[in-house]
Amino acid sequence: MDLTLTAEQTMLVDAARRFLARAWSLADTRAAEHDPRGFRPDAWREKAGLGWQGMELPAAPGGGGLGFVETILVLEEMGRVLLPSPFLPTVVLCAPLIQAVGSEAQRRWLARIAAGEMVATLAVAEPGWRDSWETPTLAADGRGRLTGRKLFVPFAPDADLLLVATAGPSLVALARGVAGVAVTRLATLGGDPVYEVVLDGARGEPLGGPGTAGPALARALDRGAVATLAYMAGAAERALAMTVDHAGTRHQFGRPIGSFQAVAHRCVDMRTDLDALRHLVYQAAWGLEASLAVSAALAYGSEALRRIFMHAHQVHGAIGFSTEHDLHLFTRRAKAAELQWGSPARHHERVAQAMGL
């Protein structure tokens, strides 16, 4: 597999890096943790002006006709600055679901997504689940109303469109402001804006026919997993750069600590894990239809991220464990990402099954 970027992909990465260097800082990330919205709408609109929200969509709704790999490249750049954004739930999860199973009228929402006029999110996880890959049990009653709870729904208060995964599995689309929907922000380790959504007789419109969402929803969850790993690969690369810089400037016994083998080899291990992680992420993005590729990336990636940030903290010493240090921002998000799309044990089992074990 050739990991060399094409000229167009290189231009996309360069443009994303320049934009994010100007538009976002780690100080903004800290502020966003205490912002009720959790993201900046002006940055969302600017990304739409760059074509990010519609990059995978066809030309008709204003899309760019690019592939998932290009989306992965942009997410890596977002991860380097820890940009909180509805990009993943809207672009990576909801837009492909609408395109795959939505009616002709519902696919008109895609033009609004591409233009940055619509934020969408997906509600899947339910109370009592032990893993993020379980089957939804929430069901509509005889009058088509939804009653129940969904957990860890990103950017729910600002979502113009809430896609709810129900038994079948099916999908129900709820518009912003519909009666019977209440949201409460959850306190999480990563500081991300995720919410509990309580549905009390909320009525929406089905997305596709009954029971038709299964394959599309499974694919969306795979996309979300790979996209999150790409975001965290960008974060890990930034953490590695911070660690190498610290090892070169922090002195002990009259020399930089990076000159000591015990420190230098930790940085080498970080680099090795990061390169292997990125390889698996790109392979999964190229071969998204293969559950083996996705689960291999998740099974290895969760453990690799744990090792990378453990080494980073060891090299930084006590200062890295301080919440005032930027490394803490990255580590918390890496830990939160570890279980976001299914436990490592779940993905080890998927790989074992794909191997015939």
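**Close-up views of a buried phenylalanine and of salt bridges**

**View 1. Asp222 and Arg350 form a salt bridge between two helices.** Asp222 is buried in this predicted model, its relative accessible area being 8%. Its partner Arg350, at 15% relative accessibility, also counts as buried, because the cut-off for that class is under 20%. The two side chains meet with a distance of 3.4 Å from N to O. Since Asp222 belongs to helix α7 (residues 214–249) and Arg350 to helix α11 (residues 344–354), the salt bridge ties together parts of the chain that are 128 residues apart in sequence.

**View 2. Glu237 of helix α7 pairs with Arg271 of helix α8.** In this salt bridge the closest N and O atoms of Glu237 and Arg271 are 3.7 Å apart. Helix α8 comprises residues 261–286, and the pair therefore ties together parts that are 34 residues apart in sequence. Arg271 has a relative accessibility of 31% and so counts as partly exposed, a class that lies between the 20% and 50% limits.

**View 3. Glu77 and Arg80 form a salt bridge within helix α4.** The side chains of Glu77 and Arg80 meet at 2.4 Å, taken from N to O, and both residues are buried. Because Glu77 and Arg80 are three residues apart in helix α4 (residues 68–81), about one helical turn separates them. Side chains of opposite charge can pair when their charged atoms come close.

**View 4. Six residues are linked in a network of salt bridges.** The members of this network are Arg17, Glu77, Arg80, Glu237, Arg271 and Asp275. Among them are Glu77 and Arg80, whose salt bridge is the subject of View 3, as well as Glu237 and Arg271, whose salt bridge is the subject of View 2. In total, the structure holds 21 salt bridges.

**View 5. Phe87 is a buried residue of helix α5.** Helix α5 spans residues 87–101 and includes Phe87, which has a relative accessibility of 0% and therefore counts as buried. When neighbours within four places in sequence are left aside, the residues in contact with Phe87 are Trp44, Trp52, Gln53, Thr71, Leu75, Met78 and Val92. Between Phe87 and Val119, which are 32 residues apart along the chain, the C-alpha atoms are separated by 8.3 Å.

Notes:
Residues numbered from 1 in each chain as written. Predicted model: local features only at pLDDT ≥ 70, side-chain atom pairs only at ≥ 80, totals over all residues. Heavy atoms only, no water. Helix = DSSP H or I, 4+ residues; strand = E, 2+ residues; numbered from the N terminus. Buried < 20%, exposed > 50% of the residue type's maximum accessible area, 1.4 Å probe, protein only. Contact = heavy atoms within 4.5 Å. Salt bridge = Lys/Arg side-chain N within 4 Å of Asp/Glu carboxyl O.
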